[in-house]
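User: Hey, can you walk me through this one? I'd like to go through the DNA contacts and then the aromatic residues.

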There are 2 protein chains.
Amino acid sequence: MKEKDITEKNCTEVRIMDAAERLFLKNGYNRTTTTAIAEQAGVTHAMLHYYYRSKEQIFARVLDKNLDELLASFHPVMKKGAPFWETLESGISTHFDFLMKHPELPAFILDTMRFNPELLENHKPRIRKTLLRITGFHYSIINDEIAAGRIRKTDPEQLLLDIIMLNLSAFIMLPAAANVFPEIGGKRMTGILEERKKEIITLIKSRLYREI
Amino acid sequence: MKEKDITEKNCTEVRIMDAAERLFLKNGYNRTTTTAIAEQAGVTHAMLHYYYRSKEQIFARVLDKNLDELLASFHPVMKKGAPFWETLESGISTHFDFLMKHPELPAFILDTMRFNPELLENHKPRIRKTLLRITGFHYSIINDEIAAGRIRKTDPEQLLLDIIMLNLSAFIMLPAAANVFPEIGGKRMTGILEERKKEIITLIKSRLYREI
DNA sequence: CTCTTGTTTAACAGCTCTGTTAATACAACT
DNA sequence: AGTTGTATTAACAGAGCTGTTAAACAAGAG
């Protein structure tokens, strides 16, 4: 008998992977049990081990895919050539929009960094490379503008932290708060997030205006 | 025979509570086992149940104490009377300094909100009350300045989110990142945090300057 | 039809976790 | 010395977790 076609949607193998991705993204490595993944996929938990050997290997696949997406999301941020203010604004907004499409990603990566950093070991070079590229790009456009006296003198490292922390924490803290105060969840959440994107852009731009 | 003096430092009861607080703050409810607490306190895990009945009740005590501290930390922020810019700056800085003394608190509360919101059920009225006081105070001083035309028109809700998210995420994200990239941990961390406090104050103030 | 091969299940092994309990050690008071 | 109540331990029960395995099942090949 031939192997089942892996491209076939809804075959056991991809159903398991889909379930695993949903649960790992929502709850992280430790809080997700192989039994729960199997249940969600509608199979026995022995199947996970049949297809993927171990929980750690399933997680590695999920992490791989999602980390790739996260790292790739930074590339369109670094568009050279456009005027400074435009580059800045579209950078922040591109990053925020990406998170809108992957709202669970920041908390997922944070959780992994906090409690399972060893599972990130293999990815460190790739992360470092992307981080270097983004900081390099960022430092260069910021320092150029500072040198030309067109923006206020600023530590680029801190400014980058400002942007990243503001963008990420919208998706990390608001959903958590909504768990406790449901009135900020659901419909209202998307409104708050839209507002936040605008606010973050305004905030960062204000930080850089030369004359105050 | 009389009960042991609970005030006596190093008696079993307080050793357990100390160990529980350390571990719960570090790892949250689910990732902390009663066995680990007992081990850390140097006793059998049967002792936890003898003194505190259940894991949930020990956690409730730890949560109680730490939530009290967190909520109390907002009170000195709301000093009325001082000039606006001074009030703003000292508010941010007081909050940040409090977190410096309790660096694990933000991640602990976040974790509880994310994964054990039911354990916060009893605390909701208290949290709500403090939140209302802080937002009320904040809205009033911001709106007064806007009305007087002394600061830029701004949504106070978003501004408060800016401040809280910036302050909290310094203590949530940086330690997590340090797990993966040790070069930002240890000595360097305190430096970064000092820089961040200054940066956050500058950032928020820039946001409000009327002329840009 | 039977053999083969990939898929699936049920059962189990070994571990860890929370919580209980019976037995014991111990201090104090009579 | 004997009684009483607290403190502590070791052992266990029951549940859930990860991972294994032997056996059942399904379907194409000869």
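User: Which side chain has an N or O atom 2.8 Å from a base oxygen of DNA strand C?

Analyst: That's B:His45, through an N or O atom of its side chain. Keep in mind that this is a predicted model.

User: Got it. What else on the protein comes nearest to DNA strand C?

Analyst: There are 18 residues around DNA strand C, and the nearest ones are A:Met47, A:Tyr51, B:Thr34, B:His45 and B:Lys55. B:Lys55 uses a polar backbone atom, which is 2.9 Å from a phosphate oxygen of DNA strand C. The side chain of A:Thr12 also has an N or O atom 3.0 Å from a phosphate oxygen of that strand.

User: How much of strand C within 4 Å of the protein is sugar or phosphate?

Analyst: Counting the atoms of DNA strand C within 4 Å of the protein, 65% are sugar or phosphate, and the rest belong to bases.

User: And which helix gives the most to the surface near strand C?

Analyst: H3(A), with four residues. At least two residues each come from helix H3 (46-52) of chain A and from helix H2 (34-41) and helix H3 (46-52) of chain B.

User: OK, over to the other strand. Which residues come nearest to DNA strand D?

Analyst: Of the 17 residues around DNA strand D, the nearest are A:Thr34, A:His45, A:Lys55, B:Thr12 and B:Tyr50. Sugar and phosphate make up 66% of the strand D atoms that come within 4 Å of the protein.

User: Which side chains lie by phosphate oxygens of strand D?

Analyst: Among them is B:Tyr50, with a side-chain N or O atom 2.9 Å from a phosphate oxygen. B:Thr44 has a polar side-chain atom 3.0 Å from a phosphate oxygen of strand D, and for B:Tyr51 the distance is 3.1 Å. As for the elements, helix H2 (34-41) and H3 of chain A plus H3 of chain B give two or more residues to the surface near strand D. H3(B) gives the most, with four residues.

User: Switching to aromatics. How many aromatic pairs does the structure hold?

Analyst: 18 over all chains. One of them is A:Phe84 with A:Trp85, an edge-to-face pair at 5.2 Å centre to centre with 70° between the planes.

User: Are those two buried or exposed?

Analyst: A:Phe84 counts as buried because its relative accessibility is 9%. A:Trp85 is at 27%, so that one counts as partly exposed.

User: What about B:Phe59 and B:Phe108?

Analyst: They form a tilted pair, 5.7 Å centre to centre with 55° between the planes. That pair links distant parts of the chain: B:Phe59 is in helix H4 (residues 55-72) of chain B and B:Phe108 is in helix H6 (residues 105-115) of chain B, 49 residues apart. B:Phe59 counts as buried because it has 1% relative accessibility, and B:Phe108 counts as buried, also at 1%.

User: What does A:Phe108 touch in chain A?

Analyst: Leaving out residues up to four places away in sequence, A:Phe108 touches A:Phe24, A:Leu25, A:Phe59, A:Val62 and A:Leu63. Ring pairs also put A:Phe108 in a cluster with A:Phe24, A:Tyr29 and A:Phe59. The largest nonpolar core has 138 residues, and A:Phe24, A:Phe108, B:Phe24 and B:Phe108 touch the most other members.

User: Last thing, which charged side chain sits over A:Tyr29?

Analyst: A:Lys55, whose charged end is 4.5 Å from the ring centre of A:Tyr29. There's also B:Arg31, which lies over the face of A:Phe115 at 3.6 Å from the ring centre.

Terms used: Residues numbered from 1 in each chain as written. Chains lettered and ligands numbered in written order. Predicted model: local features only at pLDDT ≥ 70, side-chain atom pairs only at ≥ 80, totals over all residues. Heavy atoms only, no water. Phe/Tyr/Trp six-rings, centres within 6.5 Å; stacked < 30°, edge-to-face > 60°. Buried < 20%, exposed > 50% of the residue type's maximum accessible area, 1.4 Å probe, protein only. Lys NZ or Arg CZ within 6 Å of the ring centre and 35° of its normal. Core = buried A, V, L, I, M, F, W, Y, C linked by side-chain atoms within 4.5 Å. Contact = heavy atoms within 4.5 Å. Near = heavy atom within 4 Å. Polar contact = N/O pair within 3.5 Å; in protein donor to acceptor, adjacent residues only side chain to side chain.
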